[in-house]
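Hi,

Here's the model I said I'd pass on, with my notes underneath. Could you have a look at it before reading on?

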Amino acid sequence: MKKVILKIFLMMGSSMLFVTVFSRVALLILGKYNKATPSLSYHISLLSGFLGLCLFALLLYRFLGKKLKKISDAVKTVSEGDLNVRLNLSGHDELTELSENFNRMTQGLSANERLSREFVRNVSHEFKPPVANILGYADLLESEQISEKERQNYTKIIRDQAKRLSDLSVKLLQISRVDSDLILNLTEHFQVDEQIRKIILSMQPVWEKKNLSVNAELEKLTVSTSEQFCYLIWQNLISNAVKYTPDNGRIDIRLYRDKNLLIFEAENTARIPPENEKLIFQPFYSTDESKTEKGTGLGLPLVQKITEKLSGNIFLSCGETTLFRVSIPVLFQEC
């Protein structure tokens, strides 16, 4: 507020200077005509003081009041739901800086509103096909003319589509929680290598069925950070690697420390086309549209959100293999 306060002092100084000059000139003129009586001098002082206050009020409104009113009107417009309002204030004081920050805020809110609308449309779009499939195959199950084999096949399809809806709901709830958690508990002590090892073992039936070679090089590390958020990162990246690695492929999982950074790597023999690298973190994007068991397309966006929430970074490298590297600043505990 230094610039605004300086402006107020300058306006006060200008008003005081006006009062002094006006009263002196008036007294000089009256003295020239021998009219400068004590009573008249007193009234001239009162008049000059009143005019000085009027001048100060006028300057205050001209340089600060108009700006404050524009800002107030803009804030009121935003509170009524219009995010397209913009302020255009000239000058080099804090109120001008406030208007620029206000414009950046409304631009961000407008962008978030557009993203929210698009996200809702995408959610609606993703929910429609499974629901339609469930309803369609449920109608077929009511028919008495289908064979037992067809009945079992339709039941499996309904179960798969219901599972996909359930996965979508879980992922959406997880994303919502990441967005809503303003204050994270970064003081939870846990052993990261054990956490990752349990995730790998929980997925063993899946990767054994695909005859995948899973190799884990996990440094024994105990850290202080959000245990649940870290679990979601490892679980989604490992699950993604198992799902998209072709049969008889290879998955390498690594965990190590680099100074104050916790580094997690998941590398597999799946290949992502270079043109898809920029799209892979977009919600509902799938690298393989031909799969019968299509993923939710929310796992990687969730990982990205959590990593950013933990002040970390995620790196993707595509070539003969696909590598995801997550680095998170944490407080390490001595084992």
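Let me start with one residue pair: Ser213 has its bridge partner in strand 4, namely Arg250. Keep in mind that this is a predicted model, so local features need pLDDT of at least 70 and side-chain atom pairs count only at pLDDT 80 or more, while totals for chains, interfaces and linings use all residues. Numbering starts from 1 along each chain as its sequence is written, and side-chain values use heavy atoms, with hydrogens and water left out.

Overall, the protein chain has eight helices and eight strands. Both are DSSP runs numbered from the N terminus (helices are H or I, at least four residues; strands are E, at least two). Of the 335 residues in the chain, 35% are buried; that means under 20% relative accessible area, with exposed being over 50% and partly exposed in between (1.4 Å probe, protein chains only). The chain exposes about 20900 Å², and carbon and sulfur atoms supply 57% of that (Shrake-Rupley method with a 1.4 Å probe; for residues, only the protein chains shown count as cover). Among contacts with a separation of 6 or more, 73% come from residues 24 or more positions apart; a contact is heavy atoms within 4.5 Å.

Now the five-stranded sheet. This one is open, with order 2-4-5-7-6 and mixed pairing (two strands pair if DSSP finds at least two bridges between them). Strand 2 and strand 6 (313-318) are at the edges with a single partner strand each, so one side of each has no neighbour in the sheet. On average, neighbouring strands here are turned by 10° against each other, direction ignored. For this and the angles below, axes are lines fitted to C-alpha atoms (for helices, over the stretch in contact), and angles run from 0 to 180 degrees between N-to-C directions.

Going through the pairs:
- Strand 2 (residues 213-218) runs parallel to strand 4 (residues 250-258), with six bridges.
- Strand 4 and strand 5 (residues 261-268) are antiparallel, joined by eight bridges, and Tyr256 stands opposite Ile263 in strand 5.
- Strand 6 pairs antiparallel with strand 7 (residues 322-329) over six bridges, and Ile314 sits opposite Val326 in strand 7.

Two helices pack on this sheet. Helix 7 (residues 227-244) touches strand 4, strand 5 and strand 7, its direction making about 15° with that of strand 5. Helix 8 (residues 299-309) touches strand 6 and strand 7, at about 140° to the direction of strand 6.

How do helix 7 and helix 8 pack against each other? Their angle is about 150° and their axes are 9 Å apart. The crossing is left-handed, meaning the near helix is turned anticlockwise from the far one by less than a right angle (clockwise would be right-handed). Helix 7 contributes Phe229, Leu232, Ile233, Asn236, Leu237 and Asn240 to the contact, and helix 8 brings Gly299, Leu300, Leu302, Val303, Ile306, Thr307 and Lys309. These residues divide into eight nonpolar, four polar and one charged (nonpolar: Ala, Val, Leu, Ile, Met, Phe, Trp, Tyr, Cys and Pro; charged: Asp, Glu, Lys and Arg; polar: the others, Gly among them).

Thr307 of helix 8 is worth a click. Thr307 counts as buried, with 1% relative accessibility. Leaving out residues up to four places away in sequence, Thr307 touches Ile233, Gly312, Asn313, Ile314, Val326 and Ser327.

There is also an open three-stranded sheet, antiparallel, in the order 1-3-8. Strand 1 (188-191) and strand 8 (331-333) are its edges; each has a single partner strand, so one side of each is left free of a neighbour in the sheet. The twist averages 35° from one strand to the next. Strand 3 (residues 222-225) and strand 8 share three bridges, with Val223 partnered to Phe332. Helix 5 (residues 192-202) packs on this sheet, touching strand 1 and strand 3, with about 60° between its direction and that of strand 1. Helix 7 turns up here too, lying across strand 1 and strand 3 at about 40° to strand 1.

Last, two backbone details. Strand 4 and strand 5 form a hairpin with two residues between them, and Lys259 in the turn has a positive phi of about 60°. Lys259 is exposed at 71% relative accessibility. Asn248, in the loop between helix 7 and strand 4, also has a positive phi, near 65°, and is exposed at 57% relative accessibility.

Cheers
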